[in-house]
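Q: Please take a close look at a single part of this structure, and then show how that part fits into the whole. I am new to it, so I would like each term explained as it comes up.

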2 protein chains.
Amino acid sequence: MSRTVDSRTAGTLISSPDITPEELQLAVRNHSMPLEALHYPITPVGLHYLLIHFDIPVVDADTWELAIGGHVERPLRLSLDDIKSRPQVTIAVTLECAGNGRARLTPRPMSQPWLSEAVGTAEWTGTPLGPVLAEAGLSERAREVVFTGLDRGVQGGIDQLYERSLPPAEALRPEVMLVHAINGQPLPPQHGFPVRLIVPGWYGMAHVKWLRSITVTDSPFEGYQQARAYHNRVDDQGAGEPVTRMLPRALMAPPGVPDFMSRTRFVSPATYHIEGRAWSGLGTVTRVDFSDDGGRTWSEVELGAAVSPFAWRGWRHQWNAKPGEHELCVRATDSAGNVQPDAQAWNMEGVQNNAIQRVRVIANPVDEVQAPADEFRS
Amino acid sequence: MSRTVDSRTAGTLISSPDITPEELQLAVRNHSMPLEALHYPITPVGLHYLLIHFDIPVVDADTWELAIGGHVERPLRLSLDDIKSRPQVTIAVTLECAGNGRARLTPRPMSQPWLSEAVGTAEWTGTPLGPVLAEAGLSERAREVVFTGLDRGVQGGIDQLYERSLPPAEALRPEVMLVHAINGQPLPPQHGFPVRLIVPGWYGMAHVKWLRSITVTDSPFEGYQQARAYHNRVDDQGAGEPVTRMLPRALMAPPGVPDFMSRTRFVSPATYHIEGRAWSGLGTVTRVDFSDDGGRTWSEVELGAAVSPFAWRGWRHQWNAKPGEHELCVRATDSAGNVQPDAQAWNMEGVQNNAIQRVRVIANPVDEVQAPADEFRS
């Protein structure tokens, strides 16, 4: 590998709470879901979180093909029309970046500096992957199904196409899809046009965008994004546990109005319906608790229906904002018994940080809004 | 104003190149246009830059109305259907944030920390504003036309609805529009649903989103975003010059592939067609120059047609990447004689920074891409 990269690369640990210029370059490209978008059960396109490792490829849909091969009986090449001609399903799926919350860790692993809102829920339309693999015919020696994107770049010193794999049992789950549409529209470039993978329940790194090929291997897949990145490890000894499904998390849409720069929230003392959403890739969200004193005391909130079996669940809670300063917190529990922690167990990559959300709110008698220009206010 | 905000607020100057946690909060919400999106003459929704001062309002289009009043003869209230029933136009318009480039200044004014790509071009559909104002009938005493949004928050210590004004002569220009659609779709929440203002040629702060009212005043408008923010001033003495139209800028889509963290570009030594776009709110872009030696020597590039009279112009240039490290630069000149500077003249708010783009590229004999999993590569 003759290529040199900057000395402060992904994986470096940063002690300062301030963000390096390298992290800023990622933050201005990628974006999380503004918390007020929790009002929408289906996240509008453009508000859904995005993480793009390299560049967004420009793809000609007329010549694009998905190659399926490796240890299969009948290699396939599918055009976009082929994929649209197969049985179609639409499923609402919540996707969250495995690195969500990374920028709240100390020291902070240098990578995309997410706060708490690298998430979104979309209605994805496409065809189930299982029948496609069945048509190709997995070899008896099939060990992994590798998904390769058209996006190319250097990471960890390795020039690579973005690639991730799934064990056959996961790839064959009925909800795993090859999708070509989001919220009823063709995929926009940034979401993987023309076709991407959706693996409901898993963190975002599994949902390979701009699919180029699917390869069945008879040995473990050792690609960078699979074998090195996306592991939960606390030191350089050993590979750590691979990141797979989303841990539970609840988020609230913060009440009141924000200060532009600090994002501190202001409310008038009154009663508010706090709304939010909660999800888990490990089970159903069974309970969400709310605190207005930084997590010392908790109240169970009212849960709404899940948007789909693979999407977040709405919740609401009536909160009486007494004058003063408050720290609002929210905490999800899932049917597998997982509960969000108060603070995160640190790890080298800053993955799976599902510590509870904390929102600072100041409740004071509200001054009138600066008189707007329209003296004829209705 | 009884509200307290964090001590490090907008306007603070930061000497460190590192980004504060407060700036990061804005960077993860708002996003610029990834430079590879320069390949598209019309920016796909979701890739267009976004700056949202406060929260995105949730608006019910069925009950929404736009009130037009103040110093007019016939106050109006327009529903969304009323606006759609009026004569419709579609214009491609390039929008750029006035703070584009802010994070490259030293010291850095604390606000949204843009690098160089807070821009986008969309096809906006709506009705011209002039006939609406004519129907309302501007008073002879009309001095300003004030546009008030539904977005509310605290900035500069002032609780406010977002408001900006235009002189009547600007508001009555034929290209100024009340728009309800972007790229043929209803405005998504983040772009100002249901109706926003478009003021072709002006920086983004003029294009008020989530319009609530238009008020004609007989005195200068003193709102925060008009009288205090968006001024080019080098010290605290005097208000400075108000920011209006976009200075010229050219951007290139960087060639080759990026390193994930440093965004350094790698290419094989070969000849490349470098592509990009250039725009100015002060005239037509008449010339774009390219340099591969950090701006020591320049070559004029080939200009394409403008996408519209109010949108950017494509350009391309053949570049022979010799082995070694290069700093690629690009520089626009407009018909009013404005030329992008090599370095920015500093100002307190970090506005109008149109210094030339610089892209670091390493041209080395390329190693093969890490063998992808598909041994059957076509």
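**A strand and its surroundings**

A: In strand S12 of chain B, the residue B:Thr215 is the bridge partner of B:Gly69. This pairing belongs to a predicted model, in which local features need pLDDT of at least 70 and side-chain atom pairs count only at pLDDT 80 or more, while totals for chains, interfaces and linings use all residues. Residues are numbered from 1 along each chain as its sequence is written, and chains are lettered from A and ligands numbered from 1 in the order in which they are written.

The part to follow is strand S2 of chain B, residues 66-70. Helices (H or I, at least four residues) and strands (E, at least two) are DSSP runs, numbered from the N terminus, and two strands pair if DSSP finds at least two bridges between them. Strands of a sheet pair through backbone hydrogen bonds, either parallel or antiparallel. With S12(B), which covers residues 211-217, S2(B) pairs in the parallel sense over four bridges. With strand S3 of chain B, residues 76-78, S2(B) is joined by three bridges, and these two strands run antiparallel. One bridge of that second pairing sets B:Leu66 against B:Leu78, and S2(B) and S3(B) form a hairpin that has five residues between them.

S2(B) is largely enclosed by the rest of the structure, because four of its five residues are buried. A residue counts as buried if 20 or more other C-beta atoms lie within 10 Å of its own, as exposed if 12 or fewer do, and as partly exposed in between, with C-beta atoms placed from the backbone.

S2(B) also has a place in the meeting of the two chains, where 84 residues of chain B are in contact with 84 residues of chain A; two residues are in contact if their C-beta atoms, placed from the backbone, lie within 7 Å. S2 and S12 are among the elements of chain B that each supply at least two residues of the side touching chain A, together with helix H1 (21-29), strand S7 (144-155), strand S8 (158-166) and strand S16 (257-258). H1(B) gives the most to that side, with seven residues. Like S2(B), H1(B) is largely enclosed by the rest of the structure, since seven of its nine residues are buried; among them are B:Glu22, B:Leu24, B:Leu26 and B:Arg29. What covers these buried residues includes helix H1 (21-29) of chain A.

The two chains can be compared by superposition, done by least squares on the C-alpha atoms of residues with pLDDT of at least 70 in both. Chain B can be laid on chain A with an RMSD of 0.0 Å by a turn of 180° and a shift of 0.0 Å along the axis. The two copies are thus related as by a two-fold rotation axis. The same surface serves both copies, for 100% of the contact residues of chain B recur in chain A. Of the residues of chain B, B:Gly46 comes closest to the rotation axis, its C-alpha lying at 1.9 Å.

Elsewhere in chain B, an open sheet of four strands has the order S15-S18-S22-S21, with antiparallel pairing. Its edge strands, each pairing on one side only, are S15 (249-252) and S21 (302-306) of chain B. S15(B) pairs with S18(B), residues 271-279, over four bridges in the antiparallel sense, and one of the bridges has B:Arg249 and B:Trp279 as partners.

Chain A as a whole contains five helices and 24 strands, and buried residues make up 56% of its 378 residues. The C-alpha trace of chain A spans about 70 × 45 × 45 Å along its principal axes. Among contacts in chain A between residues at least 6 apart in sequence, 73% join residues at least 24 apart.

As for confidence, pLDDT is the predictor's confidence in each residue, from 0 to 100. Chain A has a mean pLDDT of 93, and 94% of its residues reach 70 or more. Over residues 1-7 of chain A, however, the pLDDT is below 50, and this stretch has 18 contacts in the model beyond near neighbours in sequence. The model scores ipTM 0.94 and pTM 0.95.
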